[in-house]
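Open your viewer and keep the selection tool ready. Each stop below tells you what to pick next and what to look for there.

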Amino acid sequence: MSNFFACILTLFPEMFPGILGASLPGKALKDSLWRLETLDIRSFADNKHSSVDDTPYGGGAGMVMRPEVIDTAISAAETKFGPFARKIYLSPRGKVLDQVLVKELTKASSLLLLCGRYEGVDQRVIDAQGLTEVSIGDFILAGGEVAAMAMLEACVRLIPGVVGNATTTDEESFERGLLEYPHYTRPAVWSGREVPEVLVSGNHAKVREWRRKQAEEITRERRPDLWKRYEKSQ
Ligand SMILES: C[S@@+](CC[C@H](N)C(=O)[O-])C[C@H]1O[C@@H](n2cnc3c(N)ncnc32)[C@H](O)[C@@H]1O
């Protein structure tokens, strides 16, 4: 049984579990294969108007999330749930999430995920709390919630028992440093297009070889960065 646990700090707890409550992650959540908690950052704003943000020092557009509110929220999460293996701030400035990091995070077992809004979070609380910044890609979202969901969906499907067939994840894109080969299903001819002959040959060794070659070709064409690393590893 997995102990994977994630606690989300967000201004929008009602967004969760969201997509994480559906399909495989949702079923796994119901079956207690993992656990999700949310804390509302606003409930830790110790001021008359429950304000969580303020104007940036140095001027400029937008608002910044206040350090003492975030600090209190993180401390409250630690008091309630115990220490976290990893404390993460979803941030476009962070290390870009990839399958290697997803595996590492899944093994970490307890994650605190801070979702920013506005221009982001005061740098001092990021430093003081030792938060690791993680990005889900080189683009700007309105907030960290979708990023947290994407990260968790990727982690949860690696928990044993979540994806039915254990071999399904072994051959996926990135598992062997390659993108995945193309897939086909019935009918054998669709709209005048035939399934590659080797796939209906019944020769498993040939099928494996064809798939490996396809995966290599697609990776070389589409992702020179991955291809370079793969070539080096061979
Ligand atoms: C509008 S963004 C702030 C962007 C920030 N001012 C910048 O330029 O780096 C608000 C929040 O969305 C989240 N966010 C936006 N893009 C993200 C990404 N690519 N990956 C992870 N989180 C992201 C972060 O939590 C961030 O604090």
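The tour goes from the whole protein to the ligand, then out to a surface patch and some backbone details.

**Stop 1: the whole protein**

Keep in mind that this is a predicted model. Show everything as a cartoon. You should find seven helices and nine strands. Now show the C-alpha atoms alone. They fill a box of roughly 70 × 40 × 35 Å along the principal axes. The protein has 234 residues, and 40% of them count as buried.

**Stop 2: around the ligand**

Select the ligand and show its neighbours. There are 20 residues around the ligand. Which of them come nearest? They are Tyr-89, Leu-90, Gly-116, Phe-139 and Leu-141.

Colour the shell around the ligand by residue type. Eleven of its residues are nonpolar, seven are polar and two are charged.

Next, pick strand E5, residues 86-96, and strand E7, residues 132-135. Each of these strands supplies at least two residues of the shell. Which element gives the most to the shell? E5 does, with four residues.

**Stop 3: polar atoms at the ligand**

Switch on the distance tool. Start with the side chain of Tyr-89. One of its N or O atoms is 2.7 Å from an oxygen atom of the ligand.

Move to Glu-119. A polar atom of its side chain lies 3.0 Å from a nitrogen atom of the ligand.

Then take Ser-91, and look at the backbone this time. A backbone N or O atom of Ser-91 is 3.4 Å from a nitrogen atom of the ligand.

Now add a surface to the ligand. Taken alone, the ligand exposes 580 Å². The protein buries 84% of that area.

**Stop 4: a nonpolar patch**

Select Phe-139, Leu-141 and Val-146. Together they form a nonpolar patch on the surface, with about 270 Å² of accessible area. Two of these names may look familiar: Phe-139 and Leu-141 are also among the residues that come nearest to the ligand.

Zoom in on Phe-139. This residue sits in the loop between E7 and helix H5, residues 145-156. Why does Phe-139 count as partly exposed? Its relative accessibility is 44%, and the partly exposed class runs between 20% and 50%.

**Stop 5: two cis peptide bonds**

Go to the loop between strand E1 (5-10) and helix H1 (23-30), where Pro-17 lies. Show the backbone from Phe-16 to Pro-17. The peptide bond here is cis, with omega near 0 degrees.

Now jump to Pro-187, in the loop between H5 and strand E8 (189-190). A cis peptide bond joins Arg-186 to Pro-187, and omega is about 5 degrees.

**Stop 6: two positive phi angles**

Stay in the loop between H5 and E8 and select Phe-174. Its phi is near 80 degrees, a positive value in a residue other than glycine. Phe-174 is partly exposed, with a relative accessible area of 40%.

Finish at Ser-109. Look in the loop between helix H3 (99-108) and strand E6 (110-115). Ser-109 is not a glycine, yet its phi is positive, at about 70 degrees. Is Ser-109 buried or partly exposed? Ser-109 counts as partly exposed, because its relative accessibility is 30%.

Methods. Residues are numbered from 1 along each chain as its sequence is written. Side-chain values use heavy atoms; hydrogens and water are left out. A residue is near a molecule or strand if one of its heavy atoms lies within 4 Å of it. A polar contact is a pair of N or O atoms within 3.5 Å; within protein, one must be able to donate a hydrogen and the other to accept it, and residues adjacent in sequence count only if both atoms are side-chain atoms. Accessible areas come from the Shrake-Rupley method with a 1.4 Å probe; for residues, only the protein chains shown count as cover. Ala, Val, Leu, Ile, Met, Phe, Trp, Tyr, Cys and Pro count as nonpolar, Asp, Glu, Lys and Arg as charged, and the others, Gly among them, as polar. Patches are made of residues with over 30% relative accessible area and no salt bridge: like charges are joined within 9 Å, nonpolar side chains (Val, Leu, Ile, Met, Phe, Trp, Tyr) within 5 Å. A salt bridge is a side-chain nitrogen of Lys or Arg within 4 Å of a carboxyl oxygen of Asp or Glu. Buried means under 20% relative accessible area, exposed over 50%, partly exposed in between (1.4 Å probe, protein chains only).
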